[in-house]
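Okay, thanks for coming, everyone. I'd like to walk you through one model this morning and go through a few places in it. Let me put it up on the screen.

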Amino acid sequence: MPKSAATARPQGSIDAMAPLPCLITVPHGGTQVPGFLAGRFILSERDVFDDIDACTRGIYDLSDLVMVWKDTDIARPVVDLNRGREDRPPTNPDGVVKTHTCFNVPVYDPQQPLDDALADDLIHKYHQPFHSFIESVVKLRHDLRIAFDCHSMSEFAPPVANDAGQPRPTFCLGNRFGDSCPDAVARMLATSLCRVFELEEKEVTLNQPFAGGYITRRYGGRPLPWIQIEMNRKLYLKDPWFDTDTRTVDPDRLAFLRNRMGAALRLFFELWDDSR
């Protein structure tokens with residue numbers, strides 16, 4: 001079972017020493033490519049790095065702060081956990097399993113392409129258990145008040161995006177235009193991020209450019225409010241913190257961002273409680 005607080009607490013009462021009553025999912029931070037894909041999966045390590053939400057498993061590792069936290073080892077171009085299981089190639093080359101990355105780089109050897117049998121196997125091994133975990137948490141954990149699906153976004157929109165080449169905000173919060181979480185609650189999170197990260201209001205957007213993906217759409221408001229959080233990679237994947245040759249990030253910078261995210265979530269719950 002997922003980690004829980006020792007005892008349930010009344011909603012609206014946050015103990016400063018107790019875990020925050022929320023679920024955090026980090027579906028795109030994994031780097032692992034299964035060994036059985038050797039020779040068939042042709043993305044380079046750099047291509048994998050570019051396609052995943054690099055470093056998000058560390059930045060959002062608030063497992064000691066929140067009631068439930070869930071991430072994955074598996075790399076996004078192998079199985080995208082933020083897609084529906086029917087969202088597949090050829091209709092969507094960048095679907096739950098992929099023939100091309102979001103940067104239009106081929107994933108598989110043309111002589112050993114992705115077929116239905118492999119797609120079904122990958123979904124069964126990796127997609128199904130991740131979502132079964134979320135479903136069990138939503139069903140059983142009545143002490144949770146909200147969930148956050150946590151991601152990162154490139155500093156500029158990739159070629160496949162509607163806003164290709166355009167700069168992204170520092171944070172984007174997606175609540176499906178109010179369907180997955182009330183706008184007022186999402187704006188409290190925006191306020192918290194602005195205060196903790198010392199940002200202007202325009203640097204934290206709501207539903208632009210992302211309104212929330214499959215996880216937020218499927219689970220949001222049923223019954224938990226759900227917000228997708230996108231952090232701009234300019235906060236860590238550039239000088240002076242990022243070494244482009246080794247694709248490594250200054251660990252102190254990642255710790256700084258993780259601590260700030262934790263502070264922002266705690267402030268968010270304080271603002272939410274004060275508004276009730």
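So, which side chain does the side chain of Asn207 make a polar contact with? It's Asn175, and the distance there is 2.8 Å. Before I go on, keep in mind that this is a predicted model.

Let me stay with Asn207 for a moment. You'll find Asn207 in the loop between strand S5 and helix H5. It's a loop residue, but is Asn207 buried or exposed? Buried, with a relative accessible area of just 5%, and the cut-off for buried is under 20%. If we leave out residues up to four places away in sequence, Asn207 touches Cys172, Leu173, Gly174, Asn175, Arg176 and Phe177. Now, S5 to H5 is also the loop that holds Pro209, and the peptide bond going from Gln208 into Pro209 is cis, with omega near 10°.

There's another cis bond to show you. This one joins Pro89 and Pro90, with omega about 0°. Pro90 sits in the loop between S2 and H3.

That loop has other things in it. Thr72 is there too, between strand S2, which is 66–71, and helix H3, which is 116–140. Thr72 counts as buried, at 12% relative accessibility. Its side chain has a polar atom 3.2 Å from the backbone nitrogen of Ile74. As for what's around it, setting aside neighbours within four places in sequence, Thr72 is in contact with Val26, Pro27, Gly29, Gly30, Arg57 and Leu81.

And then there's Asn104, also in the loop between S2 and H3. Asn104 isn't a glycine, and its phi is positive, near 65°. Unlike Thr72, which is buried at 12%, Asn104 is exposed, with a relative accessible area of 53%.

Okay, moving on to helix H4. H4 covers residues 183–197, so to speak, 15 residues. How far does H4 reach from its first C-alpha to its last? The span is 21 Å, close to the 21 Å expected at 1.5 Å a residue. Quite a few names come up when you ask what's buried on H4: Val185, Ala186, Met188, Leu189, Ala190, Ser192, Leu193, Cys194, Val196 and Phe197. What covers those buried residues includes strands S3, S4, S5 and S6, along with helix H6.

Right after H4 comes Glu198, in the loop between H4 and S5. Glu198 is another non-glycine with a positive phi, about 55°. At 67% relative accessibility, Glu198 counts as exposed.

Last stop, the inside. How many residues does the largest nonpolar core have? That would be 77, and the ones with the most contacts inside it are Ile146, Phe148, Ile229, Met231 and Met261. Helix H6 gives the most to this core, with 10 residues.

Let me zoom in on Ile229, so you can see what it touches. Not counting residues up to four places away in sequence, the list is Tyr60, Phe148, Asp149, Cys150, His151, Phe171, Cys172, Leu173, Leu189 and Met261. A few of those names came up earlier. Leu189 is one of the buried residues of H4, and Cys172 and Leu173 are among the residues that Asn207 touches.

That's my tour, so I'll leave the model up while we talk.

Definitions and conventions. Residues numbered from 1 in each chain as written. Predicted model: local features only at pLDDT ≥ 70, side-chain atom pairs only at ≥ 80, totals over all residues. Heavy atoms only, no water. Helix = DSSP H or I, 4+ residues; strand = E, 2+ residues; numbered from the N terminus. Buried < 20%, exposed > 50% of the residue type's maximum accessible area, 1.4 Å probe, protein only. Polar contact = N/O pair within 3.5 Å; in protein donor to acceptor, adjacent residues only side chain to side chain. Contact = heavy atoms within 4.5 Å. Expected span 1.5 Å × (residues − 1). Core = buried A, V, L, I, M, F, W, Y, C linked by side-chain atoms within 4.5 Å.
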